[in-house]
Amino acid sequence: MSRTVYVNGSYLPEEEATVSVFDRGFLMADGVYEVTTVIDGKLIDFDGHFTRLQRSLTELDITNPMDRDAWLEVHRQLVAQNGLDQGMIYLQVTRGAPGDRDFIFPDPETTAPTVVLFTQSNPALVDSPKAKKGIKVIAIEDIRWGRRDIKTVQLLYPSMGKMMAIKAGCDDAWMVQDGAVTEGTSNNAYIIKDGRIITRALSNDILHGITRAAVLRFAREAQMQVEERNFTLEEAKAADEAFVTSASTFVMPVVEIDGATLGAGVPGPLALRLREIYIEESRKAAL
Ligand code: PMP
């Protein structure tokens, strides 16, 4: 069935939705995005995603084309018009289509940002078969640019990383810089050793995950020990448990890292507990 999508102020059938060939998102990856999860037809952590969107736009000097309430209304309209119960809303804002290709940013007075949103249904988000088995990750070098804190649409290397993982019979890749794990291709990475949850601290090296912020808060509230610091690939391979977080996977247990099996090779108790808490609390606070 055709979806209703949003492009620059209009709700359209997906077949009729178009963006200019001169759009800087298309020509230069000059744009940012957000993915907000929907459970029971409600938005998970909408305000976290809105705040990060604002930050990404500010860092790139793109004017936010809508205020919080207008963004919320578009999200809600798309949920309603598509009858979305469980899945995601993808949103993208680019610097727009100036009508020519030029490295110089166009004048924002004459070139408005392009705004696109669409829904993706996924009935298996909460009751995920993958979360029951856990995922396997390979390690790859982190060769991305130095502003990974900005959620840009430059996703070629993460996409290549996932393909490398699949070729190796695994699910995903963790990226490593100077011996330390930065993050997963589309998620934040954690290990657990002797009951302590360890994850890299926030900096320009990683995306400031909205799920990461929520999960660390819930972990601390549940009296779990959290250490925000670099950890090496060797440490990860010797961990008791590991997991990744993202809006669409919540807390996803990792059972193998670069060929090393963690514990018994099944999802660990702390990762599973955090997944439960995250889903329960997020459902309660959904908009
Ligand atoms: N790191 C990277 C590189 C990502 O692409 C994502 C997901 N977009 C995340 C972390 C997780 O962020 P969030 O919890 O906000 O989905």
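**Around the ligand**

Q: What makes the pair between Glu183 and the ligand a polar contact?
A: A polar side-chain atom of Glu183 is 2.7 Å from a nitrogen atom of the ligand. A polar contact is a pair of N or O atoms within 3.5 Å, so this one counts. Mind that this is a predicted model: local features need pLDDT of at least 70, side-chain atom pairs 80 or more, while totals for chains, interfaces and linings use all residues. Numbering starts from 1 along each chain as its sequence is written, and side-chain values use heavy atoms, without hydrogens and water.

Q: What puts Arg52 and Ile210 on the polar contact list too?
A: An N or O atom in the Arg52 side chain is 2.8 Å from a ligand oxygen. For Ile210, a backbone N or O atom is 2.8 Å from an oxygen atom of the ligand. Alone, the ligand exposes 390 Å² (Shrake-Rupley, 1.4 Å probe), and the protein buries 92% of that.

Q: Why is the ligand said to lie between domain 1 and domain 2?
A: Domain 1 (4–121) and domain 2 (129–285), bounds from an automatic or database assignment, both give residues to its shell, so the ligand lies between them.

Key: Polar contact = N/O pair within 3.5 Å; in protein donor to acceptor, adjacent residues only side chain to side chain.
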